[in-house]
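Me: I have a model open and would like to go through the reasoning behind its labels. Could you take me through it step by step?

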Amino acid sequence: MMALPDIEAQLSYAYLHAVASHAGIACQEATRSLDNAGVDATLHLIKNFGPTAKLTEISLHIQLKATVQPPTRQAGGLSYFLRETAHYDRLRSDSALPPRLLAVLFLPPNHPEWLTHSPDQLVLSRAAYWVSLLDAPPSTNTSGQTIYLPETQPLSPAGLHDLFRRVAHQERLRYEH
């Protein structure tokens with residue numbers, strides 16, 4: 001049987017795949033070499049976002065995390081402690097294309113509440129949010145960094161379409177906390 005942290009990680013993949021699929025966005029699990037570089041999945045969408053959009057074919061790299069730790073709400077953001085400063089630095093770097101984003105699935109503290117199933121529905125409890133760490137300040141902590149994921153950036157079908165619209169218009173996705 002898998003350990004609970006491994007189940008959390010697998011549920012974060014399942015969540016991303018389900019939401020992206022529902023939104024009509026291709027989602028591919030990363031290869032081992034990309035996983036070693038902090039990329040867990042790639043999202044890809046070909047769509048015309050109107051006459052002012054600069055891009056019609058967009059890919060985004062996603063690093064996935066899941067946690068049972070209840071977040072602290074601060075200024076419209078949900079706290080998450082990202083272990084390993086190297087991951088933080090990789091995500092805040094502006095030298096990578098496609099852009100790298102962090103997505104965190106916040107699960108209930110009790111394992112039996114994570115997923116429920118009936119003949120009528122399959123329910124994964126709680127939600128995930130995404131954040132760009134571009135322009136985030138350097139960390140002064142060697143073990144990791146607390147970041148805040150905006151509650152206005154849900155990892156939902158509508159949230160993903162808004163994210164891709166922003167990228168299509170070449171909006172710089174910045175960390176603003």
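Me: Happy to start with the charges: which residues are linked in a network of salt bridges?

Reply: Good place to begin. Asp94, Asp135, Arg172 and Arg174 are linked in such a network. Bear in mind that this is a predicted model.

Me: What makes the contact between Arg172 and Asp135 a salt bridge?

Reply: The side chains of Arg172 and Asp135 meet with 2.9 Å from N to O. The cut-off is within 4 Å for a side-chain nitrogen of Lys or Arg and a carboxyl oxygen of Asp or Glu, so the pair counts. This pair links distant parts of the chain: Arg172 lies in the segment after H4, and Asp135 in the loop between strand S9 (127–131) and S10, 37 residues apart.

Me: Why are Arg172 and Asp135 labelled as they are for exposure?

Reply: Arg172 has a relative accessible area of 40%, and Asp135 has 36%. Buried means under 20% and exposed means over 50%, with partly exposed in between, so Arg172 is partly exposed and Asp135 is partly exposed.

Me: How many salt bridges does the count come to by this rule?

Reply: The count comes to seven. One of them joins the side chains of Glu151 and Arg73, at 3.0 Å from N to O. Here too the pair links distant parts of the chain: Glu151 sits in the loop between strand S10 (144–150) and helix H4 (157–168), while Arg73 belongs to strand S4 (residues 73–74), 78 residues apart.

Me: Are Glu151 and Arg73 buried, partly exposed or exposed?

Reply: Arg73 has 59% relative accessibility, and exposed means over 50%, so Arg73 counts as exposed. Glu151, with a relative accessible area of 29%, is partly exposed.

Me: What makes Arg166 buried, and how is its partner Glu171 labelled?

Reply: Arg166 has a relative accessible area of 14%, and the limit for buried is under 20%, so the label follows. Glu171, at 37%, counts as partly exposed. The side chains of Arg166 and Glu171 meet in a salt bridge, with 2.8 Å from N to O.

Me: Why can side chains like these pair at all?

Reply: Side chains of opposite charge can pair when their charged atoms come close.

Me: And where do the charges sit on average?

Reply: The protein chain has 14 positive and 16 negative charges, and their mean positions are 6 Å apart.

Me: Let's turn to single residues. Why is Gln63 called buried?

Reply: Gln63 has 3% relative accessibility, which is under 20%, so Gln63 counts as buried. Gln63 is found in strand S3 (residues 57–67). Not counting residues up to four places away in sequence, Gln63 touches Gly38, Asp40, Leu82, His87, Leu91, Leu101, Leu102 and Ala103.

Me: How do you know that Tyr15 is buried?

Reply: The value for Tyr15 is 13% relative accessibility; buried means under 20%, so Tyr15 qualifies. The place of Tyr15 is in helix H1 (residues 4–23). Leaving aside neighbours within four places in sequence, Tyr15 is in contact with Leu105, Leu124, Arg126, Ala127, Ala128 and Leu155. The C-alpha atoms of Tyr15 and Leu55, 40 residues apart along the chain, are separated by 26 Å.

Me: What makes Tyr148 buried?

Reply: Tyr148 has 16% relative accessibility, and the cut-off is under 20%, so Tyr148 counts as buried. Tyr148 has its place in strand S10. Residues that Tyr148 touches, beyond four places away in sequence, include Thr72, Gln74, Val131 and Tyr175. As for distance, the C-alpha atoms of Tyr148 and Pro51, 97 residues apart along the chain, are separated by 33 Å.

Me: Now the whole chain: which elements does the protein chain have, and in what order?

Reply: The protein chain has four helices and 10 strands. From the N terminus on, the elements run α-β-α-β-β-β-β-α-β-β-β-β-β-α.

Me: Why is the protein chain called as compact as a globular protein of its length?

Reply: Its radius of gyration is 16 Å, close to the 16 Å that the globule rule gives for 177 residues, so the description fits. The C-alpha atoms fill a box of roughly 45 × 45 × 35 Å, taken along the principal axes.

Me: What share of the residues is buried, and what area does the protein chain expose?

Reply: Buried residues make up 42% of the 177 residues. The protein chain exposes about 9700 Å², and carbon and sulfur atoms supply 52% of it.

Key: Residues numbered from 1 in each chain as written. Predicted model: local features only at pLDDT ≥ 70, side-chain atom pairs only at ≥ 80, totals over all residues. Heavy atoms only, no water. Helix = DSSP H or I, 4+ residues; strand = E, 2+ residues; numbered from the N terminus. Rg over C-alpha atoms; globule rule 2.2 N^0.38 Å. Buried < 20%, exposed > 50% of the residue type's maximum accessible area, 1.4 Å probe, protein only. Areas by Shrake-Rupley, 256 points an atom, 1.4 Å probe, with all protein chains shown as cover. Lys, Arg positive; Asp, Glu negative; His and termini not counted. Charge placed at Lys NZ, Arg CZ, Asp CG, Glu CD. Contact = heavy atoms within 4.5 Å.
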